Structure formats: C-alpha cells, structure tokens
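Biologist: Before I trust the labels people put on a model, I'd like to hear the reasoning behind them. Could we go through this one together?

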Amino acid sequence: MNHEPLALGDISRRAFDAVATAQHASTLSELNGVIGNTFKTLGFDIYLGVNAVDATGRPNVELLFGQAPDDWYAHYRDHGYEKNDGIIREMLRSTDPLFWSDLAGRRTISDVELRVLNEAGEFGLKNGFMTPLHNLDGSISAVLLMGDSIDERDPDVRAAAHLLSLYYGSIGRRLMAASKGQRSRSRPLTPRQRECLLWVRMGKSSSDIGDLLGLSAETVNDHIAAACQRLGVRTRVQAVAEAAVHGFIEL
Amino acid sequence: MKVHVVTGANRSLYTKALERMHQIRYRVFVEDLGWSDLKSADGLETDDFDNDDAVYLLACEDGECFGSVRLLPTWRRSMLKEIWPEFVSSDERAAGPDIWEWTRWCPGHISKRHELVRARKALFLAALEFAGSRSIKTYITFCETRYFGQLEEIGWRPRPLGLPRPTEGGAMAMGVIWDVKPELLQGTRQLFKIDEPVLIEAPIPASSGAVIHPRMLERLYALSSADDVMAVEDVLGRMAPPPAHGRRLETAVIQGRA
C-alpha cells in the first residue's frame, strides 16, 4: 500500500527509532539515555526541559529535567538572565521552534539579550535550538538544546531536533508528573501546611499569616517550606499551583 | 456536552447544526488562523472533503453546536495522502479499512472558552467511542506541532509519520498516527473524569415511522429512572401512533427509533 516512499535519510531513521524507543521509557534516566544520545549525535551535548510559565499563569523559570550545563546555569542565575533572555521571550510569544541564530531574523534583539547569547557562546554553547510547548493546563514549557557546532543549515537537522524535542518534552513532563504524583499521593499536606498555602494564595506574607493564625513568621515559613518539600517544588508560588493540581487546595 | 455522529445517512436531521459547524470553522481557520485559501463569500468554511463519506462529530449542548471534528475513511480519501504526501516518509501503513483520518479539528472558538474546553474533552472521548462502533484500529492526522503535545498529554502516544516540516503558512507540522486500544477509552475517561458515554448517533430517518429529533435523543439518554420511562412513553405516544400491541418504548427500541 506504500508506494514510492521518500528515501529515509540517516537522520530521519535515527530520529524515528529514538522516538519509538522513548515511548517505552518509564524513568527520566531511561528517557535521557535514549533521546539524549540521539541529541548528541546531532551535535547537541546539552538538552533540557524547562518551565517558563506555570499552570496558574505566573512566569516562573525553572529546570525540570535533563542535562543542565552547570557553569553556564550558575552564571545565568547569578546574573538573573531569566528576566532578559530573548529565547525565553520567544517561548511565550510563539509556538514555533527556533535556532538562536534565527532570532535576529524574527525581531530586533536588545543589547542585554545579545549579551546573554554571546556569553553562552563563551561557555562553549554557541548554538541552541528551542522548541516551545504550550500545554493543556496553561503552563508553558520548552525543550532547550545547546551545543558547539551544529549543522544549522541542514533542514533534516532542524526537523529532527524539533521532532525529538517534542517527544523529549512531552514524555519528560509525563514522567515527572507520574513521579510527583507518586510522592504526594502518599504524603498529603498537614492541616497547618494547607492553611498557610491558602493564605499565600490570598497574597498574604508570612508575618500576616502568622498574625492570622497566631504563629510566629518563622513558624509559618517552616510550614510553607515543609509543604514545598512534600509537593516537590521550590517556591511557595509553585506550592500553591501544585497543591491545586493535586486537589489539596481549591483555586 | 454530548457529541452527535453525523453521517451521509442522517445529516438531514442536522442541517442547522452543520451550518453552525461550517461557520465556526470559518471563524477559527479563516479569520483567526488566517488560512486565506479557505476564504469564501458566505462565511462558511467547506472543502472538497466535505462529502457524503465524511463523518462529523458535533459537540453540542442545549441544542447548540460548539465544536466539531471531521473524520474521513482513509480507504476512500485521505488529506494526508492527497494534499500532504511529502509529510509522510515512514513505512507505516497510513490508509486502510481500519484507519480513519482526523481533519478540521475545531473544538470551538475562543470567544466561548468554557464550552471549548468541554467540547474538546467530549470530542476526544467521542472519537474513541466512535472507533469502537466502526472497528477503527488507527487514527491518523496532519498536525501542527504546536498541538502535538496535547495528544501526548492525554496519553494517546502518537507516532510520527514523517519529520516535521514547515507548512505554507510557516508553522511546523507533521503527520502522526496512533492506535486505538480499548484501554485508551477507559484511561481517557478517567483523565477527564467523565464516566458516561458522550456519543449519540441518531437513527436514520425512514420514510415510515417517526423521526426522532437529535434533541429528543439527548433528553432520552439523560433519563434514568422508572418515572422517566413513563415520561418517554408519553413523548413517544405524542410523536407516533401507538403500535397495535402496546409497549411503545420497547417497540421503539427494537425498531431502532430510540
């Protein structure tokens, strides 16, 4: 029934095989092993799933899974580059993937944005490819690929990078949600933790919450920190969103 | 939100709803997404594949159509094969008696956001229920990659039919294929927290016997108690002369009129 199929190039074949295997991955490390290796054969040593906007609509840049380039990431965070990253801006305003080098062709780049890109190059990350993922729950994630010498002009490289990123991003998010689900199913929030998060959601500060509940601000912070731990998140804003997703609090 | 199956055989029951469907398709594809090659003077988006073989799943609530998807039996015609063959490079069979194609996926317009969200869930479920009724084993679709994540997110495990490529409008798209297994319906029902069937297929209007209007059918399916059965008997009595031996509801069921 298949006649005159287009000749499958080596890159296509590799990408399809990786995707087929990745769909059976049951852990993030398996996923990294399968798709990560294929990213490497395309020249991308670094591959990460990141979040840019959480399900409640709040900008919140964080690493979800993958191989973060530690030096660059530390430098990036120290300088607060997530606020000035032209690539993050593209994640929010577009659903199309792009090479960093495409950015100049899309719009004017600000000086700060240019500096971020150039400094990445100094850390050995000259090329990058970003695939946005606008999710059903309203959150915006992306898959970032980075490397030193990528054949950007080969349309199959772009297509394969995009295909693998789509699968890496969605399977990665699914595996993360599954493992988080397992954690918080067995460890629901205590009544105090839940109460504190409800007030956080109303915009109250720790000392406000302390006044409301008859506790010290430090105790409130402890409860919130413990809630973050249980939910597997880093900030109180994430804790509110995560608690809502699991039905521990209502938004 | 319920989903009505509209085929070449029962479409006379759905003239208004189908017109609404073409209007919503126009607003979404031509006006919002800018697919100008589908422009038309009457504000209705139709193409060559809107023929008698097409099956429409219409998501309706309170008599109004909010969203739709068009399913094509691939052994007759296929958009992927005819319009986008360069997007298919895989060895997988993408046409056959047990393969149908999703086209014109249009869960609704953003101006009715809540209905869109409900219609989207209902249409996903309806397509799986419809697969059960027609022995469909596989669905294929031409998918802009921006929507790809949704299929993966609901657990449908789509496979690529080719590498993604830019469409004329510039957006990346690719052919995808996925298997319909019985567990998929159960799993999707659990995910959406919808326990009951959403699909309604109105019987083909015959030259003899009463026509059961789709709205009536929705109400019939919503009934569940013994009192309701009396109510149904009453309704049927008003629509058609009673059969000679009584037991109107039972007869109507046997004759496929309920």
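What follows is a talk about helix packing, cores, the chain contact and a few single residues in this predicted model.

Biologist: Let's start with helices. Why is H10(A) called oblique to H11(A)?

Modeller: The axes of H10 (residues 217-231) and H11 (residues 236-245) of chain A cross at roughly 55° and come within 9 Å. Roughly parallel needs an angle under 35 degrees and roughly perpendicular needs 65 to 115, so an angle outside those ranges and not over 145 is oblique. That makes H10(A) oblique to H11(A). The crossing of H10(A) and H11(A) is also left-handed.

Biologist: Which residues make that contact?

Modeller: From H10(A) you have Ile224(A), Ala227(A), Cys228(A) and Leu231(A), and they meet Arg236(A), Ala239(A), Glu242(A) and Ala243(A) of H11(A). By class, the contact of H10(A) with H11(A) holds six nonpolar, no polar and two charged residues.

Biologist: And what makes H8(A) roughly perpendicular to H11(A)?

Modeller: Their axes cross at roughly 110°, and the range for that label is 65 to 115 degrees. H8(A) therefore counts as roughly perpendicular to H11(A). H8 spans residues 191-201 of chain A, and the two axes come within 10 Å. Leu197(A), Val200(A) and Arg201(A) of H8(A) touch Arg236(A), Ala239(A), Val240(A) and Ala243(A) of H11(A). That contact of H8(A) with H11(A) has five nonpolar, no polar and two charged residues.

Biologist: Now the cores. Which residues have the most contacts inside the largest nonpolar core?

Modeller: They are Leu145(A), Leu164(A), Leu57(B), Leu58(B) and Leu123(B), in a core of 104 residues. Helix H3 (residues 113-134) of chain B gives the largest share of this core, 11 residues. Leaving out residues up to four places away in sequence, the residues Leu57(B) touches include Val3(B), Val5(B), Leu123(B) and Phe130(B). Apart from the largest core there is another one of 17 residues, with Val200(A), Val233(A), Ala239(A) and Val240(A) among them.

Biologist: How many residues does each chain put into the contact between them?

Modeller: Chain B puts in 20 and chain A 26. On the chain B side, helix H4 (residues 145-153) gives the most, with seven residues. By class, that side of chain B has seven nonpolar, six polar and seven charged residues.

Biologist: On to single residues. Why is Leu217(B) called partly exposed?

Modeller: Leu217(B) has 19 C-beta neighbours inside 10 Å. A residue is buried at 20 or more and exposed at 12 or fewer, so a count in between means partly exposed. Leu217(B) therefore counts as partly exposed. It sits in helix H6 (residues 214-222) of chain B.

Biologist: What makes Ser135(B) exposed?

Modeller: Ser135(B) has 9 C-beta neighbours inside 10 Å, and exposed means 12 or fewer. So Ser135(B) counts as exposed. It is in the loop between H3 and strand E5 (138-144) of chain B. Although not a glycine, Ser135(B) has a positive phi of about 55°.

Biologist: What is notable about a positive phi there?

Modeller: Most residues other than glycine have a negative phi.

Biologist: And how do you know which class Arg157(B) belongs to?

Modeller: With 16 other C-beta atoms within 10 Å, Arg157(B) is partly exposed. Arg157(B) also has a positive phi, about 45°, and its place is the loop between H4 and strand E6 (159-160) of chain B.

Key
Residues numbered from 1 in each chain as written. Chains lettered and ligands numbered in written order. Predicted model: local features only at pLDDT ≥ 70, side-chain atom pairs only at ≥ 80, totals over all residues. Axes fitted to C-alpha atoms, helices over the stretch in contact; angles between N-to-C directions. Helix = DSSP H or I, 4+ residues; strand = E, 2+ residues; numbered from the N terminus. Left-handed = near helix turned anticlockwise from the far one by under 90°. Contact = placed C-beta atoms within 7 Å. Nonpolar A, V, L, I, M, F, W, Y, C, P; charged D, E, K, R; others polar. Core = buried A, V, L, I, M, F, W, Y, C linked by C-beta atoms within 7 Å.
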